[in-house]
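Me: Got a minute to go through this fold with me? I'd like to start from the sheet and work outwards.

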Amino acid sequence: MKPIIGIGTNHLVRPSEHMDTNYVDYTQKNYVSSLVDAGALPFLIPIATPQAAAEYVDHVDAILLTGGQDVSPRLYGEDPLPQNGLNDWTRDRFEQGLIQAAIAKHKPIMGICRGIQILNAVLGGTNYQDIPTQVPNAIGHNQFPTAWEAPVHQIKTTSGSLLQQIYGTAEWVNSFHHQSVHHVAPGFTVTATAADGVIEAMEDQKRQIIAVQFHPEMMAATDTHAAQLFKAFVETIQN
Ligand SMILES: [Mn+2]
């Protein structure tokens, strides 16, 4: 049996150019294809109540938390800065439910981009609301409109981490974010940083959580490290 991975989705809640007033739950195809290629069977979990989150977790072997909106600073007790972008309290609360249930039921979690930020906020850390204004001498962390799979900045990894086993001591990754982990939640080890100190990955081997700020799902088709990261996550589930 392939491990079943529940993907936390995004949703449209306003009229949009392509979908008009069809309000859909969705995820980007490359999250799905990366998990399929790594040997898993992904299911998309629609955004629902926090109570429903726990029931969804009962039906999957692991959770993938994906990119999207800025995590509400309310989750870590801060008022928003003017640079804080779109927040979605419904999604935040639902993913909080997914995280808490997955940990309670000893199911592994992988977080990507917003995923690392919601994990950190829910589990007791704080985030930078806006890297350019809050991190001194910050490098560029938003490569848009450069190709999604193009690696644009370096990371240095931490010895003993799963991330270093896969990526080596230093590597180039892509970058599409203006927020990041600030104070690290208890239980996590920082496993990669950018040259400006911005946290690019962390993990908690005890709770089987691996999280990255970059986007391996956009690189997995062209980059062996990114593909291997998904394989390693899937293997975590099988153990
Ligand atoms: Mn970055």
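Me: In what order do the nine strands of the open sheet run?
Reply: Keep in mind that this is a predicted model. The nine strands make an open sheet, and their pairing is mixed. Reading across, the order is β4-β1-β5-β6-β13-β12-β11-β8-β9.

Me: Which strands sit at the edges, pairing on one side only?
Reply: Look at the two ends of the order, which starts with β4 and finishes with β9. Each of those pairs on one side only, so by the pairing criterion of at least two bridges they count as edges. The edge strands are β4 (41-45) and β9 (170-173).

Me: By how many degrees are neighbouring strands of this sheet turned against each other on average?
Reply: Here the angle ignores strand direction, and it is an average over neighbouring strands of the sheet. The value comes out at 25 degrees.

Me: In which sense do β6 and β13 pair?
Reply: Take the bridges: there are four of them between residues 109-112 of β6 and residues 209-212 of β13. Ile109 stands opposite Ile209, and Ile112 has Val212 as its bridge partner. With the numbering rising on both strands, the sense is parallel.

Me: And how do β12 and β13 run, parallel or antiparallel?
Reply: These two strands form a hairpin with four residues between them, and Gln208 in the turn has a positive phi of about 60 degrees. Asp204 of β12 is bridged to Ile209 of β13. Four bridges join the pair, and the strands run antiparallel.

Me: Which residues of β13 point the opposite way from Ile209 and Ala211?
Reply: Ile209 and Ala211 share one direction out of the strand. The other two residues point the other way, and all four are buried. Those two are Ile210 and Val212.

Me: Which helix packs on the sheet, touching β5, β6, β12 and β13?
Reply: The helix covers residues 114-122, and its direction makes about 120 degrees with that of β6. Just after the helix, Gly124 takes a positive phi of about 110 degrees. The helix is α4.

Me: How many of the residues of α4 are buried?
Reply: The cut-off for buried is 20 or more other C-beta atoms within 10 Å. Among the residues that pass are Arg114, Gln117 and Asn120, along with Ile116 and Leu119. The helix is largely enclosed by the rest of the structure, because the buried count is nine of the nine.

Me: Is Asp37 buried, exposed or partly exposed?
Reply: Asp37 is found in helix α1 (residues 29-37), and touches Ala220 and Ala227, leaving aside residues up to four places away in sequence. Count its surroundings: 15 other C-beta atoms lie within 10 Å. Buried needs 20 or more and exposed needs 12 or fewer, so Asp37 is partly exposed.

Me: What radius of gyration does the chain have, and why does it agree with a compact globule?
Reply: The C-alpha atoms fill a box of roughly 45 × 40 × 35 Å along the principal axes, and buried residues make up 43% of the chain. A compact globule of 239 residues would come in near 18 Å, so the chain's value agrees: 17 Å.

Definitions and conventions
Residues numbered from 1 in each chain as written. Predicted model: local features only at pLDDT ≥ 70, side-chain atom pairs only at ≥ 80, totals over all residues. Rg over C-alpha atoms; globule rule 2.2 N^0.38 Å. Axes fitted to C-alpha atoms, helices over the stretch in contact; angles between N-to-C directions. Contact = placed C-beta atoms within 7 Å.
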